[in-house]
Amino acid sequence: MKLLRDNNHFVFIGCYGNIIYELISSEQIVTGSTNSRCKFSFAAMKKISSILFVIVFCVSLPHNLFAWGKKGHGIVAEIAFALLDSNTKKAVYKYLELTTIDLGATTIEEASTWMDEVRSDHKYDYMREWHYVNIEKGNQYVETKEGNAINALNNAITALEHRDNLSNEEIKKNLMIIFHLTGDIHMPLHVGYGSDKGGNDIKVKYLSNPTNLHRVWDTEIIESENITANDCLLTYNRFDKDEIAKFKEINIENWIYEPRALLGKVYNFPADGVLDQAYADKNKTIIKQQLLIAGIRLAAVLEKLFQS
Ligand SMILES: [Zn+2]
């Protein structure tokens, strides 16, 4: 992932480098006559201000241009590792740090976003539907053999329960599936309606910027409200022992009920699709809570699998 991120920066810088090069080379500004020296200065100044404009524009672009969803997934992993005992952490790190043919050494944040990073690699096309489960409004989840987040999570957990039969690479891959999908499944729009592609088809404006509802929940509230793992952990004490124990029960089908129940709030915005600061204020608490519950559950799964 680090490599991909660096590549993105490279493409990013390369792209603007080209624009600057085009600006410099697009006009013949060197001439021989004295009179044209003034022209040269004027033309050069015009060029320099254009270049400066491009540089300022590049620098002011949002830094998360290539980082959709990364922060939320990283927070879930961080919360889980803040709650885990040291034995489990050690066992998980042992696999994540393995450099295999396909996968480099991986931090917990990188493990949590690996499934998004490989979306463009056709080798992993079979995982495309694993990020979500579609259930139309008013319907209940009906068990299916098709690929979805519930089946993918259950399969990865079962695979790791019998990991004696697996190569280290397969263990690591299943771990990264669990890291990612435990996060995804707690985002209400990942257990939403297929008819609007989990809110991707709902065009809205968030804090005056055109976007879609899915992105607002996946990334933009987390970014604009600067939500951190610590903020989420501070909400831990709102739950009593029984509630925490209930969260820790590993039953993926039951996990989707909380986020499903939140969809009414997600879709509660004006018909003009303008989501203002009040919408962020109302919903940031829900997002923190969902990230926390996801972290608690990721820790519970990892403990079940790796605590010795
Ligand atoms: Zn995903």
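Me: Two strands count as paired if DSSP finds at least two bridges between them. In this predicted model, what makes β1 and β2 a pair?

Reply: Strand β1 (residues 203-206) is joined to β2 by four bridges. Since at least two are required, β1 and β2 are a pair, and they run antiparallel. Among the bridge partners, Lys203 is matched with Asn212 in β2, and Tyr206 with Asn209 in β2. Two residues lie between the strands of this hairpin, where Leu207 takes a positive phi near 45 degrees.

Me: How do you know that β1 and β3 pair, and in which sense?

Reply: Two bridges are found between β1 and β3, so the requirement of at least two is met. The sense of this pairing is parallel. In β3, Leu275 stands opposite Tyr206.

Me: Why is the pairing of the sheet called mixed?

Reply: In general, strands of a sheet pair through backbone hydrogen bonds, either parallel or antiparallel. Here β1 and β2 run antiparallel, whereas β1 and β3 pair in the parallel sense. The three strands form an open sheet in the order β2-β1-β3, with mixed pairing.

Me: What makes β2 and β3 edge strands?

Reply: Both β2 (209-212) and β3 (274-275) pair on one side only. Helix α8 packs on this sheet and touches β1, β2 and β3, its direction making about 95 degrees with that of β2.

Me: Along β1, which side chains are buried and which are not?

Reply: The side chains alternate along β1. Val204 and Tyr206 point to one face and are buried, while Lys203 and Lys205 point to the other face and are not buried.

Me: Why is Thr219 called partly exposed?

Reply: Thr219 belongs to helix α8 and has 19 C-beta neighbours inside 10 Å. A buried residue needs 20 or more and an exposed one has 12 or fewer, so a count in between is termed partly exposed. Thr219 therefore counts as partly exposed. The C-alpha atom of Thr219 is separated by 7.3 Å from that of Lys71, although their positions lie 148 residues apart along the chain.

Me: What makes helix α3 largely enclosed?

Reply: Of the 14 residues of α3, 12 are buried, so the helix is largely enclosed by the rest of the structure. The buried residues include Lys71, His73, Ile75 and Leu83. They pack against α5 (108-117), α7 (168-184), α8 (213-224), α9 (229-233) and α14 (277-306).

Me: How does the span of α3 stand against the expected value?

Reply: Helix α3 (residues 70-83) reaches 20 Å from its first C-alpha to its last. That is close to the 20 Å expected at 1.5 Å a residue.

Notes: Residues are numbered from 1 along each chain as its sequence is written. This is a predicted model: local features need pLDDT of at least 70, side-chain atom pairs count only at pLDDT 80 or more; totals for chains, interfaces and linings use all residues. The expected span of a helix is 1.5 Å times one less than its number of residues. Two residues are in contact if their C-beta atoms, placed from the backbone, lie within 7 Å. Axes are lines fitted to C-alpha atoms, for helices over the stretch in contact, and angles run from 0 to 180 degrees between N-to-C directions.
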